[in-house]
Amino acid sequence: LGACMRILITGIGGRLAGLVGAVLAARPETHVIGLGGSVPGFDQIETIAGMPQGHELAATMQELAPDVVIHLDQPGEERWEAARAGQIQTIDLLRACVAARVRRVVLRSSTLVYGASADNPAFLPETAALIPAASPGLQTDYVAIEQIAAEYAAKNPAMAIVSLRCAPIVGQGATSPLATYLRRPRPLTLAGFDPRIQLLHPDDMVVAFALAALGTAQGAFNLAASDLLLLSQAILLAGRKPTSLPSAAFSGLRLVQPVTRLLRAQLPFDAAFLQFACVADTQRAKMELGWSPQHTAAEAVRQLMNMEN
């Protein structure tokens with residue numbers, strides 16, 4: 001690795017990227033460079049304002065010559081709308097990494113990529129099929145980004161690509177579709193359905209990214225707290241009361257299509273996640289990354305409630 005490992009982090013102005021940068025910069029054998037903006041309180045991180053694109057990004061990457069790149073300037077989890085720009089940005093970044101001979105790239109992904117289905121096994125391994133949502137959105141964008149990453153990994157074996165599939169981030173003010181849902185006064189639920197869900201505390205996500213950057217493992221890794229919650233339990237832990245709707249509202253029947261459109265507009269994720277589980281197996285991350293979550297899902301949801309009180 002040499003005397004000093006150079007680690008570049010995109011989206012450094014973001015809260016989670018700043019925390020990842022701070023953890024890595026505290027190590028004597030690393031030099032952390034951040035693209036995207038200043039990071040208050042973290043003077044040991046060299047920051048470069050803005051996020052260059054295209055040829056400018058390639059030139060910047062070659063000039064900085066990082067050993068590892070952590071890409072956290074990706075689809076905004078604070079919104080559910082399609083973020084196709086994230087796909088283009090990922091292509092730009094990976095192309096620049098190849099040109100600069102970066103050894104290792106760590107990408108943020110999501111367990112959303114598996115989709116929610118009645119056919120899902122109890123625990124989904126990383127080898128499970130990736131399912132884009134029926135309509136454009138964050139789930140579809142993450143699937144596309146993973147496909148782009150897989151193509152680059154196949155064509156550039158000298159560059160290790162790590163994809164960290166995070167369960168919904170909840171706690172300490174983090175934003176995610178599930179956090180948005182749980183913050184609503186009366187979260188929508190479907191009568192007769194109460195799927196199991198997974199969460200991930202921001203601190204545990206930060207540790208996973210640091211381990212992925214410093215380690216040698218590559219490929220996809222699922223990240224989630226060790227405990228599972230029922231959707232109804234998460235709503236109660238967040239201090240909310242659900243609004244239960246008849247499942248026919250989402251059936252697509254002509255008579256209820258206006259209602260379906262209205263209700264789907266209020267959900268920050270695909271309606272299938274109100275019906276079916278999407279639970280990822282985290283054993284590979286524990287065995288190959290040496291990662292172990294320190295916060296429970298219940299703790300993360302309680303933090304969400306406490307920050308609002």
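Select Gln-87 in this predicted model. Gln-87 is buried, with a relative accessible area of 13%. Its place is in helix H3. Now show what lies around Gln-87, leaving aside neighbours within four places in sequence: the contacts are Asp-141, Ala-144, Ile-145 and Ile-148.

**Along H4**

Select residues 138-155, which make up helix H4. H4 has 18 residues, and from its first C-alpha to its last it reaches 26 Å. That is close to the 26 Å expected at 1.5 Å a residue. Colour the buried residues of H4; among them are Asp-141, Ala-144, Ile-145 and Ile-148, the residues that Gln-87 touches. The other buried residues of H4 are Leu-138, Gln-139, Tyr-142, Val-143, Glu-146, Ala-149 and Tyr-152.

**Back to H3 and the loop after it**

Return to helix H3, residues 84-99, and pick Asp-92 and Arg-95. Their side chains form a salt bridge, 3.5 Å from N to O. Where do Asp-92 and Arg-95 lie relative to each other in helix H3? They are three residues apart, which means a separation of about one helical turn. An α-helix has 3.6 residues a turn, so residues three or four places apart point the same way. Asp-92 counts as buried at 16% relative accessibility, while Arg-95 counts as partly exposed at 47%.

Move on to Arg-101, in the loop between H3 and E5. Phi of Arg-101 is near 60 degrees, a positive value in a residue other than glycine. Is Arg-101 buried or exposed? Its relative accessible area is 73%, so Arg-101 is exposed.

Another loop has a residue of this kind. Select Ala-65, between helix H2 (54-64) and E4. Ala-65 is not a glycine, yet its phi is positive, near 50 degrees. Ala-65 counts as partly exposed, at 40% relative accessibility.

**H1 and its surroundings**

Select helix H1, residues 15-25. H1 is mostly covered, with eight of its 11 residues buried. Those buried residues are Leu-16, Ala-17, Gly-18, Val-20, Gly-21, Ala-22, Leu-24 and Ala-25. What do the buried residues of H1 pack against? Show strand E1 (5-10), strand E2 (30-35), strand E4 (68-71) and strand E5 (104-110), together with H6.

Keep H1 on screen and add helix H6, residues 202-214. Two packed helices are described by the angle between their axes and the distance between the axes. For H1 and H6 the angle is about 55 degrees and the axes are 9 Å apart. The two helices are therefore oblique to each other, and their crossing is right-handed. To see the contact, show Arg-15, Leu-16, Leu-19, Val-20, Val-23 and Leu-24 on the H1 side. On the H6 side they meet Pro-202, Met-205, Val-206, Phe-209, Ala-210, Ala-213 and Leu-214.

**Two more salt bridges**

How many salt bridges does the structure hold? There are five, including the one between Asp-92 and Arg-95.

Select Arg-27 and Glu-29 for another: their closest N and O atoms are 2.7 Å apart. Arg-27 is partly exposed, with a relative accessible area of 37%. Glu-29 is also partly exposed, at 29%.

Then go to helix H9, residues 283-289. Here the side chains of Glu-288 and Arg-284 meet in a salt bridge, 3.1 Å from N to O. Glu-288 and Arg-284 are four residues apart in H9, so about one helical turn separates them. Glu-288 counts as partly exposed at 46% relative accessibility, and Arg-284 counts as partly exposed at 25%.

**Last stop: Val-301**

Select Val-301 in helix H10, residues 297-308. Val-301 is buried, with a relative accessible area of 0%. Which residues does Val-301 touch, not counting those up to four places away in sequence? Show Val-170, Leu-182, Leu-199, Leu-229, Ala-234, Leu-237 and Ala-238. Finally, add Ala-179, which is 122 residues from Val-301 along the chain. The C-alpha atoms of Val-301 and Ala-179 are separated by 8.5 Å.

Technical notes
Residues numbered from 1 in each chain as written. Predicted model: local features only at pLDDT ≥ 70, side-chain atom pairs only at ≥ 80, totals over all residues. Heavy atoms only, no water. Salt bridge = Lys/Arg side-chain N within 4 Å of Asp/Glu carboxyl O. Buried < 20%, exposed > 50% of the residue type's maximum accessible area, 1.4 Å probe, protein only. Expected span 1.5 Å × (residues − 1). Contact = heavy atoms within 4.5 Å. Axes fitted to C-alpha atoms, helices over the stretch in contact; angles between N-to-C directions. Parallel < 35°, antiparallel > 145°, perpendicular 65-115°, else oblique. Left-handed = near helix turned anticlockwise from the far one by under 90°.
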